[in-house]
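Trainee: Could we go through the pockets in this one together?
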Amino acid sequence: MTTRGRPCSIRSAACTALWLQRPCGCSLHICKDRLLIRRLLQVVSPGVTAAMLRSYSLDVSAPLLRTQGYVDGRWVSAASVFPVLDPATGQEIARVADCGAAEAKQAVDAAYKAFQSWKRSTAKERSILLRKWFDLMTLHREDLAKLITFECGKPMKESLGEITYSASFLEWFSEEARRVYGDIVPSPLRDRKIFLLKQPVGVASIITPWNFPSAMITRKVGAALAAGCTVVVKPAEDTPLSALALAELAEQAGIPAGVFNVVPCSREETPAVGQVLCTDPLVAKISFTGSTATGKVLLKMAADTVKKVSMELGGHAPFIVFDSADVDRAVSGAMASKFRNSGQTCVCSNRFLVQSGIYDRFVEKLGRAMDAELRMGHGSDPQTTQGPLINQRAADKVEQQVSDAVSRGASVLRGGKRLHGSFMEPTLLVDVSTDMLCTKEETFGPLVPVIRFNTEKEAVAVANSANVGLAGYFFSQDVNQIWRVAEDLEVGMVGVNEGIVSSAEAPFGGVKESGLGREGSKYGVDEYLEVKYMCLGNLNP
């Protein structure tokens, strides 16, 4: 590794920056206020566009690029570090402290200690701090979005959207903090009064996924802190930088030490850290977003100490288009629902069911929309709408589903090819049947398998055949059908003539094996509260 000085192009000629030339060919550009990481994407695979061959730079405010854990208001190192990679290039962005069971235990202890004072803070005090945190997120929106794009792979436009969405939960719960009301219940006896108090449950373990590395934290933590709980966050190993940037802003906002803790760790250390966060007696609540299989493991771990649990697990969303639908609107909804984050959302449409009368027309228009609107590349490129999948395992899964479908009689109308690294072409399949792998398991990638159906009853039966039920979508202009199908779909959220349904104001969650509890909305705070019944007796009537 070589070192040399050079004027800093992002500040002024008077500012001399340090350039570190790395053996891999990339460079670190360090100046007083900013960290600029330059990577050259060297790919020659067939199908890779010129946009993928450019040099892209992560340029963020230095204080926001944190690489240590955050425990009890301090930045802490671990015995080792693990790399965070740009999924578009495979190149290393940063090395982050690889926390283990010891650091997780320290964080739990710190959160428990902080809880003793945080729970006694007034709702107004908590509200003001959450609002300051929201304001700081809004102020640093661009830099926070860049972190998401480089560690998650999202196009910059989507990353900016996530930060707006993420900050909205801090704003929403800053307001809900002051609306945690108890009750006075009419007593059956004259000498008694019945009061219902709502109190915070205690320390909450927050375990979040990589696909929304900022929003999945604020949706949980905003509610927890508003209720008076303290938290320990374990971000996904692929995307710890967003969580640590939130910790930096929480500190700037004045969130007291120990109230918000972040314990990043590698895939290898995850079992040990998870064991602490799910079994420690000082932890009162677990909130997890991730796969159904992992959720079941965490539920078993939480059972021995009977912790309060909320789970937002896997989805397999149906997208139904009836003959009565506005086809253009349905195509627009399909594009929005399926291709956001390259199909890597828990509520994105997975099984497309289109009624026979408009099947051919829908497929033709969807194919044309894919040609016109989708552009693959690095998320930093303004033209990019489709970034890489999070890693090669994710691309392997999509590739396997396409291969399985074709072997069973499906036809590829668009895409279907695996490109460099974890890039996968947006793919449109027709002549799809329910015995194919892509209709049996969640894809988490840019694959549209279209199934033809004849009757409403048939479509609803296929939609409800999954053992999960997070979100579902359908398009119809028949009012009677809208009410029937909305009530019959076995999901927690229904989009009617709409492909995007999430907002801070609405409850988010599923039924069946898609999880327990609800996040966001006025119901989100309830997940972090206990109702205490107080009976005041022996009163003189």
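Mentor: Let me fix the term pocket beforehand: on a 1 Å grid over the protein atoms alone, a pocket is an open set of points where a 1.4 Å probe fits, with protein on both sides within 12 Å along at least five of seven lines, and lining residues have an atom within 4 Å of a point. This is a predicted model, in which local features need pLDDT of at least 70 and side-chain atom pairs count only at pLDDT 80 or more, while totals for chains, interfaces and linings use all residues. Residues are numbered from 1 along each chain as its sequence is written, and side-chain values use heavy atoms, with hydrogens and water left out.

Trainee: OK, which residues lie nearest the centre of the largest pocket?
Mentor: They are W210, F288, G290, S291 and T294, from a lining of 45 residues.

Trainee: And where does the largest pocket lie relative to the domains?
Mentor: It lies between domain 1 (69-313 + 519-529) and domain 2 (317-503), because both give residues to its lining; those bounds come from an automatic or database domain assignment.

Trainee: What about the second largest pocket, how many residues line it?
Mentor: The second largest pocket is lined by 22 residues, with L85, D238, I390, N391 and R393 nearest its centre.

Trainee: Where does the second largest pocket lie, then?
Mentor: Domain 1 and domain 2 both contribute residues to the lining of the second largest pocket, so it lies between them.

Trainee: How big are they, in volume?
Mentor: The largest pocket holds about 1200 Å³ and the second largest about 470 Å³, where a volume is the space filled by probe spheres set on the points, with grid points joined across faces, edges and corners.
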